Amino acid sequence: MNIPSNLKYTKDHEWVLVEGDVAVVGITDFAQKELGDIVYVEVETLDQTLSKDEVFGTVEAVKTVSDLFLPLSGEIFEFNEDLESSPESVNTDPYGKGWMIKVKISDNSEIDSLLSSDDYKALIGA
């Protein structure tokens, strides 16, 4: 299972790449395997400011639909529009082409509440 050590993670299986005051967010390799073939990613919160743990979108797989939870408070300023035509990128490259949103972080102290790769491995039993 691929769990990059340079990322942070949530208990809801999102990954976070912090780049200064911007966070790139997607779902983990574990999550995409659990969901199965992803057919649609919906984010209707573009240009909105949300609080940590609020739902920012949904991911639809062949067998289920799951909410996506914002790992850090902030303004969602970019959606990976490539997912509209290629949602399977979340399955094939969850930490690269399968990224979902970019967020302007409004409270950097929340970063400390995210899981390290070792913490996330322990959470999923990897």
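In this predicted model, V25 stands opposite I101 of strand β9. That pairing belongs to a longer match-up: strand β3, covering residues 22-27, and strand β9, covering residues 101-105, run antiparallel and are joined by 4 bridges. Both strands sit in an open sheet of 6 strands, which reads β1-β2-β3-β9-β8-β5 from one side to the other, with antiparallel pairing. At the edges are β1 (8-9) and β5 (49-50), and each of these has a single partner strand, so one side of each is left without a neighbour in the sheet. As a rule of thumb for reading any such arrangement, side chains in a regular strand alternate between the two faces of the sheet.

There is also an open sheet of 3 strands, ordered β4-β6-β7 and again paired antiparallel. Here β4 and β7 are the edge strands, each pairing on one side only. Ignoring direction, neighbouring strands of this sheet are turned by 25° against each other on average. Within it, β6 (residues 55-61) and β7 (residues 65-69) pair through 5 bridges in the antiparallel sense. A hairpin of 3 residues takes the chain from β6 to β7. For anyone wanting a single pair to look up on the structure, T58 has D67 in β7 as its bridge partner.

Over in β4 (residues 38-42), I38 is a handy residue to follow. I38 has a relative accessibility of 4%, and because buried means under 20%, I38 counts as buried. Beyond the neighbours within four places in sequence, the contacts of I38 take in I27 and Q32, then V59, E60 and A61, and finally P87, E88, V90 and N91. Of these, I27 falls within the residue range of β3, while V59, E60 and A61 fall within that of β6. K11 is another matter: 27 residues away from I38 along the chain, its C-alpha atom is separated from that of I38 by 20 Å.

Two further buried residues turn up around the helices. N80 is found in the loop that runs between β8 (74-79) and α2 (82-85). With a relative accessible area of 3%, N80 is buried. Setting aside neighbours within four places in sequence, N80 is in contact with K97, G98, W99 and M100. S89 belongs to helix α3, which spans residues 89-92. S89 also counts as buried, at 12% relative accessibility. With the same four-place neighbours left out, S89 is in contact with L83, P94, K97 and G98. K97 and G98 thus appear in the contact lists of both N80 and S89. As for L83, its number puts it inside α2.

Last comes the largest pocket, which holds about 160 Å³ of space. Its lining is made up of 13 residues, and D12, H13, A31, L35 and S66 are the ones nearest the centre. Helix α1 (29-35) and strand β7 each supply at least two residues of that lining. A31 and L35 fall in the range of α1, and S66 in that of β7. By residue type, the lining splits into 7 nonpolar, 2 polar and 4 charged. One of the suppliers, β7, is also an edge strand of the sheet ordered β4-β6-β7.

Notes
Residues are numbered from 1 along each chain as its sequence is written. This is a predicted model: local features need pLDDT of at least 70, side-chain atom pairs count only at pLDDT 80 or more; totals for chains, interfaces and linings use all residues. Side-chain values use heavy atoms; hydrogens and water are left out. Two strands pair if DSSP finds at least two bridges between them. Buried means under 20% relative accessible area, exposed over 50%, partly exposed in between (1.4 Å probe, protein chains only). Contact means heavy atoms within 4.5 Å. On a 1 Å grid over the protein atoms alone, a cavity is a set of points where a 1.4 Å probe fits but cannot get out, and a pocket is an open set with protein on both sides within 12 Å along at least five of seven lines; lining residues have an atom within 4 Å of a point. Grid points are joined across faces, edges and corners, and a volume is the space filled by probe spheres set on the points. Ala, Val, Leu, Ile, Met, Phe, Trp, Tyr, Cys and Pro count as nonpolar, Asp, Glu, Lys and Arg as charged, and the others, Gly among them, as polar. Axes are lines fitted to C-alpha atoms, for helices over the stretch in contact, and angles run from 0 to 180 degrees between N-to-C directions.
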